[in-house]
Amino acid sequence: MYWILVKAGVIRKRIRSLLTMLSVVIAFFLYGLLHSADPLFSGAAGEINAERMIIMPKHDMMFGRLPQSHINYLESLEGIANIAWLDVLSMDINSMTENIPIFAISKDYFKVMDRFEALPEEKEAFFSNRRGALAGKAAADIKGWKVGDLVSIPTFSEKNDGSNVWEFVIEGIYTTNPAADELGIMVRNEYVEEARIANKGTVSMIMFNLDDPSKADEVSNIIDNNYKNSAYATFTGNEITLSQKMLSDIGDIKLIITAIISAVFFTLLLVTANTMSQSVRERTSDLAILKSLGYKDGQIFISILLESNFIILIGASLGLMLTLITMPFIDQASGGLTGGIIVFDFYQVIRGILIGVLMASLAGILPAYQAYKLKVVDALAKG
Amino acid sequence: MSEILVDVKNLSKEYKRGGETLVVLDDLNLEIPKEDYLALMGPSGSGKSTLLNLIGGLDTPSSGSVSINGERIDQMNSKQLSNWRASNVGFIFQFYNLLPVLTAQKNIELPLLLTNLSGAQRKKHVETALNIVGLADRSGHKPSELSGGQQQRVAIARALVSDPDILVCDEPTGDLDRDTATDILNLLKSLNEDHGKTILMVTHDPAAAESAKRSLHLDKGKLII
């Protein structure tokens, strides 16, 4: 029974229904695209987790330095399981696919940052060669690097021979999740430290594991308080906290995106509610006739709500489907770097559908109530 | 004398407009036997349509009673009235009031969607109604593809399809030319004579009134015998 009423309502003004549906498709496509980047803004993309602790320069996380003496201090603390450090030798964030960043890592890096993986024999070859390197899979794919290649990389860091072009031998390929972290090349920190002129005795960040992960806050406070008034003040936190802090240094992107989506949905709500209201007004005599035939007020109320749900849910489903279809193209266009970062999963689809149901109900409830209260005699008298 | 189908006793209907009370029907009494075909005439504002709405269960009286087939419909609530209308009364309006996006068949089927009939049973009922009104070959047409007379026939079929006791017609020929109006009146007459339907028709048209078995006149809310 309801289907015929819903169908009659929807196809009465086909163009209007289609345009309304199209606006819903676009809104939910936008929702899908923006929400698929959620892991990026929550700092929990891929296998980034809260168990790996990182110390970074408090006042300039991207380009600040920490003295190696901080590592000595860390070693003196109790409950620290593994310690590693990393130096970013060269990183132009505007052209990372062209100028692959170089990460000079310490010996225990893979113990602490165990989400980075490489074949054991390749790791062994890497640690046996002073100028050895492990290329990220994404970087190797982009640059066409393979094991055994000698690569020359221009940097901002000058070597003690006067050149700023560094040469390394690719000993292996590393992988990780998110795939964007494969856009780099890992080299030996000992070699870099020995060969460079500037920034000797400093590192970009220090990472460690705790014997007891529940003491993360306590240990972080001890470290940060120790360097509170130092020129090399620290910000210590787990991998997720650090990701979030770095993002918040740029701006509250998640808030901005949430505001955009909310504004889109709010506008859509007004548009759909207006469309439904207009549609019910135009159908006053049809609805009166239905009531005269014996249709109850409640049945008319439900049919209007279902009509609103039909328009929004069809539009929402198409919009979400479009997002799912688009995802592989986005990943392809990024060279596979969005894996683990741009994720649109079943949970987000369900959440989108539920938002659709909520919006449809809100958009339809007033027109449905108008129809519910419609008096047959008055409506027929007005024609 | 046939059995009484519609029994209206001391019926009054008043409307409040601003501070004034407008009496539309004033202590009206009326009996309509089964299989009667009654035309109600009178000037505009005399209360014809109001009486029709009260007998059809679309409105409730200010006082008095309306019994149809022994049931006091004036005492029913909105939900009960809806149920009652679905199976006891068929409405035919001046402007046909068909749903424009549905075919003739789907328009006629609308009252049956409220029943427990299966799709096949509903289809059978619709075909029967279409045959009675002579539009079996137009079942797949939408209202915009039908003439005024054909649309009114579809409306009559929709009123008939649930086999109600009484057909309530409000100016059923008011929007039709003379020839088409005659066809419709003949159809109503046949429904009354051949199918035993009780018909109550409001009309301004003396020719329409003549096709009924009897006529009553209303003026200022009172029946003039």
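A residue is called buried when its relative accessible area is under 20%, exposed when that value is over 50%, and partly exposed in between. With those terms in hand, the reader can follow several residues through this model, which is predicted.

Aromatic rings offer a convenient way in, since 16 aromatic pairs are found over all chains. One of them joins A:Trp3 and A:Phe310, whose ring centres lie 5.7 Å apart with 55° between the planes, an arrangement that counts as tilted. Because A:Trp3 belongs to helix α1 (residues 2–12) of chain A and A:Phe310 to helix α13 (residues 297–333) of chain A, this pair ties together parts that are 307 residues apart in sequence. As for their surroundings, A:Phe310 has a relative accessible area of 26% and is therefore partly exposed, whereas A:Trp3, with 53% relative accessibility, counts as exposed.

A second pair is made by A:Tyr31 and A:Phe265, and it is tilted because the planes stand at 40°, with 5.8 Å between the ring centres. Here too distant parts of the chain are linked, for A:Tyr31 sits in helix α2 (residues 14–36) of chain A and A:Phe265 in helix α11 (residues 253–282) of chain A, 234 residues apart. A:Tyr31 is buried at a relative accessible area of 1%, and A:Phe265, at 11% relative accessibility, also counts as buried.

Helix α11 of chain A deserves a further look. Its 30 residues, taken at 1.5 Å a residue, should span 44 Å, and the end C-alpha atoms of α11(A) are 43 Å apart, which agrees with that expectation. A:Phe265 is one of the buried residues of α11(A), which also include A:Ile257, A:Ile261, A:Leu268 and A:Leu269, as well as the polar residues A:Thr272 and A:Ser277.

Elsewhere in chain A, ring pairs join A:Tyr109, A:Phe110, A:Phe116, A:Phe126, A:Phe127 and A:Tyr174 into a cluster. A ring also takes part in another kind of arrangement, in which A:Lys159 lies over the face of A:Trp166, at 5.8 Å from the ring centre.

In chain B, the residue to follow is B:Ser46, which is found in the loop between β3 (37–41) and α1 (48–55) of that chain. With 2% relative accessibility, B:Ser46 counts as buried. A polar atom of the side chain of B:Ser46 lies 2.7 Å from the backbone oxygen of B:Pro43. When neighbours within four places in sequence are left aside, B:Ser46 is in contact with B:Val24, B:Leu218, B:Asp219, B:Lys220 and B:Gly221.

Methods. Residues are numbered from 1 along each chain as its sequence is written. Chains are lettered from A and ligands numbered from 1 in the order in which they are written. This is a predicted model: local features need pLDDT of at least 70, side-chain atom pairs count only at pLDDT 80 or more; totals for chains, interfaces and linings use all residues. Side-chain values use heavy atoms; hydrogens and water are left out. Rings of Phe, Tyr and Trp (its six-membered ring) pair if their centres lie within 6.5 Å; planes under 30 degrees apart count as stacked, over 60 as edge-to-face and the rest as tilted. Helices (H or I, at least four residues) and strands (E, at least two) are DSSP runs, numbered from the N terminus. Buried means under 20% relative accessible area, exposed over 50%, partly exposed in between (1.4 Å probe, protein chains only). A charge sits over a ring if NZ of Lys or CZ of Arg is within 6 Å of the ring centre and within 35 degrees of the ring normal. A polar contact is a pair of N or O atoms within 3.5 Å; within protein, one must be able to donate a hydrogen and the other to accept it, and residues adjacent in sequence count only if both atoms are side-chain atoms. Contact means heavy atoms within 4.5 Å. The expected span of a helix is 1.5 Å times one less than its number of residues.
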